[in-house]
Amino acid sequence: MKLTLSAPESALLAACVTLLLVACLGPALAHPGHYHQFADQRTWLGIPCALDVLSNLPFAVWGCIGLRTLHCAELGSMPAAQRQMATLFFAGLILTAAGSSWYHWQPDDAGLALDRLSMVVAFAGLLGLAAAGRISARAGLALGVATLLWGPISVAVWSRTGNVLPWALVQFGGMALVLWLASRPPLAGALPVHWGMVIVIYAAAKLLEQGDHQVYQLLGHTLSGHSLKHLIAGLAAWPIWSAIRAMQASRRVAHRP
């Protein structure tokens, strides 16, 4: 049976192939040598780098809230592909909380690899959800699965060769795809996710990550940029959770006698 792609599906495929070619053929990108030297090294209650560890808690909280909300939602309240990708996203947040906490307990390359592998699950759900709501269900499923496959490969490439370019493209290329998808009109029945808010939250989190030491100095050694990054990044779940709640509310109103 011949597979026919729509124009948006073809554009998405072309964008993904381009990112793959850049990852494979682009110049190697070295990982910063000081990456593990975070600003806040304080121990609290026997927990090393305590605030960088404990600030991962919102990921787990939002993941549990999201999964609970999906569990309580009627099966027909949203398209199946979007429900699957949202489930993957919220489950990925719980894995991210565990992986990031493990890494920050004793920062090293092995822990960072685990941290990034856990993040891949959340990225896959996020990208798949955006594509399912703006292009097609099969595009969302395909992009989610592709991210689940390519993410671990990019982490393995970095672990073996030190080349962080493939992983950087998973993060920044993925968010560029979300930005493009956000510019497209939503499909009928799509979750009303405020994707612009997701992008702004992600950008703010990355800026805080880059300014880890500067923020720590500015705030008088109370909170570091990296700890704040965790707290802010967890809020990316809010637009997705609120979209699910809004869709549930609209269905209740529609079925009200």
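A residue is called exposed when its relative accessible area is over 50%, buried when that area is under 20%, and partly exposed in between. The structure in the viewer is a predicted model, and this tour applies those classes at each stop.

Select L45 to begin. L45 is found in the loop that runs between α1 (7-25) and α2 (50-54). With a relative accessibility of 69%, L45 is therefore classed as exposed. Its backbone also merits inspection: the phi of L45 is near 55°, a positive value in a residue that is not glycine.

Proceed next to H221, in the loop between α9 (212-218) and α10 (225-234). Here too phi is positive, at about 60°, and H221 is not a glycine. H221 counts as partly exposed because its relative accessibility is 39%.

Now select E209, which belongs to helix α8 (residues 195-210). Is E209 buried or exposed? Its relative accessibility is 12%, so E209 counts as buried. To display its surroundings, add Y35, G225, H226 and K229 to the selection; E209 touches these residues when those up to four places away in sequence are left aside.

The final stops concern cysteines. A disulfide is a covalent bond between the sulfur atoms of two cysteines. With a cut-off of 2.5 Å between the sulfur atoms, the number of disulfides in the model is zero. Select C16 together with C24: C16 is in no disulfide, and the nearest cysteine sulfur, that of C24, lies 13 Å away. C16 has a relative accessibility of 25% and so counts as partly exposed. Finish at C49, which is buried, its relative accessible area being 7%.

Conventions. Residues numbered from 1 in each chain as written. Predicted model: local features only at pLDDT ≥ 70, side-chain atom pairs only at ≥ 80, totals over all residues. Heavy atoms only, no water. Helix = DSSP H or I, 4+ residues; strand = E, 2+ residues; numbered from the N terminus. Buried < 20%, exposed > 50% of the residue type's maximum accessible area, 1.4 Å probe, protein only. Contact = heavy atoms within 4.5 Å.
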